[in-house]
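Here are some exercises to work through with the model open beside you. Try each task before reading its solution.

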2 protein chains.
Amino acid sequence: MKARVHVMLKNGVLDPQGEAVRHALGAMGFDKVDGVRQGKVIDLDLADDATEADVTAMCDKLLANTVIESYSIEMQG
Amino acid sequence: MKARVHVMLKNGVLDPQGEAVRHALGAMGFDKVDGVRQGKVIDLDLADDATEADVTAMCDKLLANTVIESYSIEMQG
């Protein structure tokens with residue numbers, strides 16, 4: 001089975017990467033962009049008996065820094 | 001309106017970041033992980049008259065390196 005994990009900086013945490021993208025888009029003439037936040041997406045290929053609890057443990061222990069990042073998990077069949 | 005863009009390395013392109021995560025998960029005892037691919041997620045806050053075509057142009061020109069990366073766009077209201 002597969003799982004997709006999104007890891008984003010929490011609201012209120014400065015996102016310099018997103019700001020850089022927003023600035024670059026503005027400089028290229030894309031003036032309809034009000035804000036950009038950039039994060040990570042991690043696609044996991046899992047054994048069939050893996051559960052969402054396993055993925056939550058991976059996020060808490062390795063994939064996300066829960067002090068400044070939040071994560072969401074989508075299990076895909 | 002908002003748009004979410006996923007940028008992933010194309011299949012067949014080596015993903016050292018994903019490999020490092022897979023290896024680290026294995027070393028931590030998570031043995032149900034067969035493979036990991038890591039990519040970027042970019043959340044765009046857009047003016048109300050922005051269209052998916054605008055976002056496609058942003059991806060082609062800046063957000064993705066289409067030689068080695070593929071992207072997908074989800075428009076969110």
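**Exercise 1. Classify B:Glu19 by its accessibility, then find its salt-bridge partner.**

Step 1. The relative accessible area of B:Glu19 is 36%. Buried would require under 20% and exposed over 50%, so B:Glu19 counts as partly exposed. Keep in mind that this is a predicted model.

Step 2. Now look for the partner. B:Glu19 forms a salt bridge with B:Arg22, and the closest N and O atoms are 3.0 Å apart. That fits the cut-off of 4 Å.

Step 3. Place the pair in the fold. Both B:Glu19 and B:Arg22 sit in helix α1 of chain B, three residues apart, which is about one turn of the helix.

Step 4. Check the partner's accessibility too. B:Arg22 is partly exposed, at 30% relative accessible area.

**Exercise 2. Turn to chain A and describe the salt bridge between A:Arg22 and A:Glu19.**

Step 1. Start with the distance: the closest N and O atoms of A:Arg22 and A:Glu19 are 3.0 Å apart.

Step 2. Next, the location. The two residues belong to helix α1 of chain A (residues 16-27) and are three residues apart, about one turn of the helix.

Step 3. Finish with accessibility. A:Arg22 has 29% relative accessibility and counts as partly exposed, and A:Glu19, at 38%, also counts as partly exposed.

**Exercise 3. Find the salt bridges that cross the interface of chain B and chain A.**

Step 1. Begin with the totals. Over all chains, the structure holds eight salt bridges. Across the interface of chain B and chain A, the rule finds two.

Step 2. Take B:Lys32, whose side chain meets that of A:Asp54 in a salt bridge at 3.4 Å, N to O. B:Lys32 lies in the loop between α1 and β2 of chain B, and A:Asp54 in helix α2 (residues 52-63) of chain A, so the pair joins two chains. B:Lys32 is partly exposed, with a relative accessible area of 26%.

Step 3. Look at A:Lys32 as well. This residue forms a salt bridge with B:Asp54, and the closest N and O atoms are 3.4 Å apart.

**Exercise 4. Describe the interface between chain B and chain A by contacts, area and composition.**

Step 1. Count the residues in contact: 32 of chain B and 32 of chain A.

Step 2. Now the area. The two chains bury about 2800 Å² between them, with 67% of it on carbon and sulfur atoms. In chain B, the residues that lose the most area to chain A are B:Phe30, B:Lys32 and B:Val41, together 21% of what that side buries.

Step 3. Add the polar side of the picture. Between chain B and chain A there are 13 residue pairs in polar contact, counting pairs with both residues at pLDDT 80 or more.

Step 4. Ask which elements of chain B take part. Those giving two or more residues to the side that touches chain A are β1 (2-9), α1 (16-27), β2 (33-46) and α2 (52-63). β2(B) gives the most, with 14 residues.

Step 5. Sort that side of chain B by class: 18 nonpolar, four polar and 10 charged residues.

**Exercise 5. Trace the strand pairings of β2(A).**

Step 1. Look across the interface. Strand β2 of chain A (residues 33-46) is joined to β2(B) by 13 bridges, and the two run antiparallel. Bridge partners include A:Val36 with B:Leu44 and A:Asp43 with B:Arg37.

Step 2. Stay within chain A. Six bridges join strand β1 (residues 2-9) to β2(A), again antiparallel. A:Val7 stands opposite A:Lys40 in this pairing.

Step 3. Check how covered the strand is: 10 of the 14 residues of β2(A) are buried.

**Exercise 6. Map the surroundings of A:Arg37.**

Step 1. Locate the residue: A:Arg37 lies in strand β2 of chain A and is partly exposed, at 26% relative accessible area.

Step 2. List its neighbours, leaving out residues up to four places away in sequence. Among them are A:Met8, A:Asn11, A:Val13 and A:Asp15, together with B:Val41, B:Ile42 and B:Asp43 from chain B.

Step 3. Look for a polar partner. The backbone oxygen of A:Val13 lies 3.1 Å from a polar atom of the A:Arg37 side chain.

Conventions. Residues numbered from 1 in each chain as written. Chains lettered and ligands numbered in written order. Predicted model: local features only at pLDDT ≥ 70, side-chain atom pairs only at ≥ 80, totals over all residues. Heavy atoms only, no water. Contact = heavy atoms within 4.5 Å. Buried area = accessible area lost by both parts, 1.4 Å probe. Polar contact = N/O pair within 3.5 Å; in protein donor to acceptor, adjacent residues only side chain to side chain. Helix = DSSP H or I, 4+ residues; strand = E, 2+ residues; numbered from the N terminus. Nonpolar A, V, L, I, M, F, W, Y, C, P; charged D, E, K, R; others polar. Pairing = 2+ DSSP bridges. Buried < 20%, exposed > 50% of the residue type's maximum accessible area, 1.4 Å probe, protein only.
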